[in-house]
Amino acid sequence: KKLCWSLPPSLHSSFQKFFFPYCKSHWDLLPANVRSIPSFGKFKSNLIKSVRPCPSSNFGVSDVFGLKLLTQLRVDLNDLRVHRFRHGFRNCPSAVCACGTADESTSHFLHRCPRFSSQRTILYSKIRSLDSGSSFFSLSLDNFTTALLYGMKKLTDNDNKLILEATIDFIRKSKRFNKLEAFA
């Protein structure tokens, strides 16, 4: 008689979360060409390339503090109410903007909030000055937001630098992040 030993179902599901079973299940998901790489160094670099996103370019913008503000908007780690609410700040009971018209998201801040309409007019006029500026305003709101935060592949590095600088200028002139509302 063959003896089989197995874990009880309740322990089996917990056991699958331990290091070796977890790694084994994910190893099986890797493409065969990656699993067969003989060198650890080559395997590691190949794996990292497949997991790590391409870095976002700053197109030569030298404003360190401005880039910090831009990065905070890019990764949703800033003082906008949607982000504070999502991260559970005690003194942020709602994601609704101080203007009262919608949730204070990155998109709302950049495109819709009436508190920053004069700064937005300047931002949009700078973008219109680009040769291809008219194409920005035909983008969806999400794509337009992405273009303001990251630039656009079809544009030159110089045009993308102007876009990022205009966005940073908008952020600075809005003074939205001068005093953190989360601690006000």
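In this predicted model, the largest nonpolar core holds 30 residues, and the members that touch the most others are Phe-109, Phe-136 and Ile-171. Several helices contribute to this core: helix 5, helix 7 (106-112), helix 8 (117-128), helix 9 (141-150) and helix 10 (157-174) each provide at least two of its residues. The greatest share comes from helix 10, which gives 6 residues.

Helix 10 is a good place to begin exploring the structure. Its 18 residues span 26 Å from the first C-alpha to the last, close to the 26 Å expected at 1.5 Å a residue. Many readers will want to find its buried positions, which include Asp-159, Asn-160, Ile-163, Leu-164, Phe-170 and Ile-171. The buried list for helix 10 also includes Ala-166, Thr-167, Ile-168, Asp-169 and Ser-174. Together, the buried residues of helix 10 pack against helix 5, helix 7, helix 8 and helix 9.

Ile-171 offers a close-up of this packing. Leaving aside residues up to four places away in sequence, Ile-171 touches Leu-69, Leu-70 and Leu-73, along with Phe-109, Arg-176 and Phe-177. One of these partners, Phe-109, is also among the core members with the most contacts to other members. Just after helix 10 comes Lys-175, a residue with a positive phi near 60°.

Two further residues have a positive phi without being glycine. For Phe-59 the angle is about 50°, and this residue sits in the loop between helix 4 (40-51) and helix 5 (64-74). Is Phe-59 buried or exposed? Phe-59 counts as buried because its relative accessible area is 19%, which is under the 20% cut-off. The other residue is Asp-76, with a phi near 60°. Asp-76 lies in the loop between helix 5 and helix 6 (81-86). With a relative accessibility of 28%, Asp-76 is partly exposed, since that class covers values between 20% and 50%.

Stepping back to the whole chain, the secondary structure is simple to describe: there are 10 helices and 0 strands. Reading along the sequence therefore gives one α after another, in the pattern α-α-α-α-α-α-α-α-α-α. Of the 184 residues in the chain, 34% are buried. Among contacts with a separation of 6 or more, 50% join residues that are 24 or more positions apart. Finally, the chain has an accessible surface of about 12300 Å², and carbon and sulfur atoms account for 60% of that area.

Notes:
Residues are numbered from 1 along each chain as its sequence is written. This is a predicted model: local features need pLDDT of at least 70, side-chain atom pairs count only at pLDDT 80 or more; totals for chains, interfaces and linings use all residues. Side-chain values use heavy atoms; hydrogens and water are left out. Helices (H or I, at least four residues) and strands (E, at least two) are DSSP runs, numbered from the N terminus. Buried means under 20% relative accessible area, exposed over 50%, partly exposed in between (1.4 Å probe, protein chains only). Contact means heavy atoms within 4.5 Å. Accessible areas come from the Shrake-Rupley method with a 1.4 Å probe; for residues, only the protein chains shown count as cover. A nonpolar core is a set of buried Ala, Val, Leu, Ile, Met, Phe, Trp, Tyr and Cys residues joined through side-chain atoms within 4.5 Å. The expected span of a helix is 1.5 Å times one less than its number of residues.
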